Amino acid sequence: MASSTVLRNFIAGSFTDSAELHEVTNPATGAVLARSPLSCQADVDRAIAAARGAHKAWARRPAVERAQYLRRVAARIRDNAARIARTITEEQGKVLGLAEVEVNFTADYLDYMAEWARRIEGEVITSDRANEQIFLLRKPLGVVAGILPWNFPFFLIARKMAPALLTGNTIVIKPSEETPINCHAFTELLAQCELPAGVFNVVYGQGGTGAALAGHAGVDMVSFTGSVATGERIAAAAAPHITKLNLELGGKAPAIVLADADLDLAVRAIRDSRIINTGQVCNCAERVYVQRQVADEFTARIAQAMAATRYGDPIARPDVEMGPLINQKGLDSVQAKVRQAIADGAQLVTGGQAADLGAGFHFQPTVLAGCHAGMEIMRKEIFGPVLPIQVVEDLDEAIALANDCEYGLTSSLYTRDLSKAMQAMREIDFGETYINRENFEAMQGFHAGVRKSGVGGADGKHGLYEYTHTHVVYLQG
Ligand code: NAD
């Protein structure tokens with residue numbers, strides 16, 4: 001990507017220039033990669049008008065036809081996978097192997113959602129009246145606004161666009177200002193697939209562009225992935241129009257390690273969880289509750305595994321397991337949270353500092369022991385490679401601590417005891433629980449959080465139907 005590259009909005013099937021631009025940089029080197037639009041209210045208005053204008057004709061097409069477009073985009077993505085993966089690594093900082101997983105997962109996701117074309121089902125219900133049938137029809141909502149974060153920027157385009165388009169909606173996407181280049185690459189591939197103009201549109205920019213979308217009277221659903229704070233603002237912006245919301249927000253995933261756990265597995269999975277995408281993942285383990293009998297051994301082993309992590313610029317050093325944090329603000333936030341935890345009494349076992357590698361926003365893999373429920377480090381999301389550990393006496397205490405949290409996205413448990421696993425299934429109040437495995441959702445599951453982690457969910461049948469409303473028809477005759 002040349003620094004002179006200028007990205008453009010995609011509205012009504014055409015790439016259009018924007019009056020204002022901002023620079024997009026590589027978080028590992030600081031190099032300018034491209035200039036991206038700061039789309040204005042008029043761009044947003046035009047994009048929504050284009051999506052509105054395209055909606056009726058798109059919704060009238062059979063779902064199998066709509067699915068064909070998803071499959072075409074998937075095929076184009078596979079043909080360009082290596083190039084796109086490098087783009088993601090350059091602008092977001094994740095290691096190339098993970099970027100490749102993201103790109104292939106995106107293509108698979110589009111194909112998976114396309115498979116639903118022949119499976120969208122309504123219902124027919126018997127009536128209280130003679131000669132009457134009650135039909136429940138699944139219908140598209142209209143225009144969806146998809147507002148994205150930067151941490152899985154390419155996949156999240158598909159996670160919103162595929163179910164929206166398949167069910168007959170049209171969409172306006174706004175990627176994060178940190179990662180617009182991969183979205184432009186996605187759009188260039190999509191533009192080769194002869195999708196009808198206006199079905200898929202992209203505007204770029206910061207919170208102001210997102211707010212213009214969220215508060216727009218022409219939007220029927222806001223599908224947002226990002227932080228709780230922004231989710232609150234989006235809910236407020238959408239309130240005057242009572243716009244439907246789908247909010248995938250932050251997490252503070254507890255990992256419970258019981259005395260009978262396979263410690264090799266627990267150490268490997270939790271360590272990987274903290275370094276994948278440099279700890280910048282909503283669903284990955286962010287606080288450990290370890291049973292006293294194995295606490296010292298677990299802490300020593302995970303500290304050793306974290307300390308051994310190779311990190312640096314993922315393009316210059318393809319052997320690294322972890323890249324930089326997204327930006328200076330992210331680095332400052334992680335550093336401040338670690339300092340606060342130490343000031344609150346946490347014991348620093350390894351790491352704890354920003355790492356000076358000459359350039360980039362690198363942070364040492366960090367383990368903090370002796371944490372307790374009163375500390376912010378055990379309660380607030382931390383987007384970085386930092387693992388706080390608290391010792392517990394038993395599963396009851398661990399579940400109580402896990403549930404006592406404003407977030408409720410994912411959770412995990414390591415035990416060989418089936419009855420303990422069953423107890424956790426009954427009592428842990430989270431959208432997702434992983435037992436004896438890493439935190440990573442399947443596309444046929446349902447990714448959703450309770451409490452402040454969100455409203456609604458994504459993936460699978462239930463995620464698909466989020467993009468529909470139910471129309472009830474009473475037919476007599
Ligand atoms: P963010 O909330 O700062 O930004 C997300 C998007 O919202 C960006 O496109 C941004 O420009 C836009 N935005 C900012 N202010 C806005 C406003 N007032 N109105 C409308 N849009 C606005 O989040 P981020 O830093 O990009 O991403 C990290 C966060 O995302 C973390 O909290 C993480 O847990 C969460 N996340 C959640 C999931 C999930 O599935 N639950 C997945 C990935 C990331």
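A salt bridge is a side-chain nitrogen of Lys or Arg within 4 Å of a carboxyl oxygen of Asp or Glu. Keep that in mind as you explore this predicted model, because salt bridges will turn up several times on the way.

## Salt bridges

Let us begin with one example. The side chains of D111 and R78 meet in a salt bridge, with 3.0 Å from N to O. This pair links distant parts of the chain: D111 sits in helix 4 and R78 in helix 2 (residues 63-79), and 33 residues separate them. D111 is partly exposed, with a relative accessible area of 21%, and R78 is partly exposed too, at 36%.

Another pair to find in the structure is D459 and R159, which form a salt bridge with their closest N and O atoms 2.9 Å apart. Here the partners are 300 residues apart. D459 belongs to the loop between strand 25 (457-458) and helix 14 (460-465), while R159 is part of helix 5 (residues 153-166). Are these two partners buried or exposed? Both D459 and R159 are buried.

R437 and E438 also form a salt bridge, and their closest N and O atoms are 3.9 Å apart. That counts because the limit for such a pair is 4 Å. R437 is partly exposed, with a relative accessible area of 32%, and E438 is partly exposed at 41%.

The three pairs can be set out together:

| Salt bridge | N to O distance |
|---|---|
| D111 and R78 | 3.0 Å |
| D459 and R159 | 2.9 Å |
| R437 and E438 | 3.9 Å |

How many salt bridges does the structure hold? The total is 26. Salt bridges can also join up: R271, D272, R310, R317, D319 and E321 are linked in a network of them.

## The chain as a whole

Now step back and look at the complete chain. Its secondary structure comes to 14 helices and 26 strands. The radius of gyration is 23 Å, close to the 23 Å that the globule rule gives for 477 residues, so the chain is as compact as a globular protein of that length. Along its principal axes, the C-alpha trace spans about 70 × 65 × 40 Å. Of the 477 residues, 57% count as buried.

L166 is one of the buried residues, with a relative accessibility of 0%, and its place is in helix 5. For a feeling of distance, try finding L166 and Q291: they are 125 residues apart in sequence and 46 Å apart in space, C-alpha to C-alpha.

## Aromatic rings

Rings are another good thing to look for. A search of the whole structure finds 10 aromatic pairs. In one of them, F105 and F440 meet edge-to-face, with 6.1 Å from centre to centre and 70° between the planes. The pair links distant parts of the chain, 335 residues apart: F105 lies in helix 4 (residues 96-115), and F440 lies in the loop between strand 21 (432-435) and strand 22 (447-448). F105 is buried, with a relative accessible area of 19%, a value that qualifies because buried means under 20%. F440, at 33%, counts as partly exposed.

Which residues do ring pairs link into a cluster together with F105 and F440? They are Y109, Y112, W116 and F155.

Charged side chains can sit by rings as well. K94 lies over the face of F152, at 4.3 Å from the ring centre. R451 lies over the face of F430, at 5.2 Å from the ring centre.

## Two backbone angles

Most residues other than glycine have a negative phi. With that in mind, look at T278, whose phi is near 55°, a positive value. T278 is found in the loop between helix 9 (263-275) and strand 13 (285-291), and it is buried, with a relative accessible area of 2%.

D459, which you met in a salt bridge with R159, also has a positive phi, near 85°. Its relative accessibility is 2%, so D459 counts as buried.

## A patch on the surface

Finally, turn to the outside. L418, M422 and M425 make a nonpolar surface patch of about 350 Å². M422 belongs to helix 13 (residues 418-427) and is partly exposed, with a relative accessible area of 40%.

Methods. Residues numbered from 1 in each chain as written. Predicted model: local features only at pLDDT ≥ 70, side-chain atom pairs only at ≥ 80, totals over all residues. Heavy atoms only, no water. Patch = residues over 30% accessible without salt bridge, like charges linked within 9 Å, V, L, I, M, F, W, Y side chains within 5 Å. Areas by Shrake-Rupley, 256 points an atom, 1.4 Å probe, with all protein chains shown as cover. Helix = DSSP H or I, 4+ residues; strand = E, 2+ residues; numbered from the N terminus. Buried < 20%, exposed > 50% of the residue type's maximum accessible area, 1.4 Å probe, protein only. Phe/Tyr/Trp six-rings, centres within 6.5 Å; stacked < 30°, edge-to-face > 60°. Lys NZ or Arg CZ within 6 Å of the ring centre and 35° of its normal. Rg over C-alpha atoms; globule rule 2.2 N^0.38 Å.
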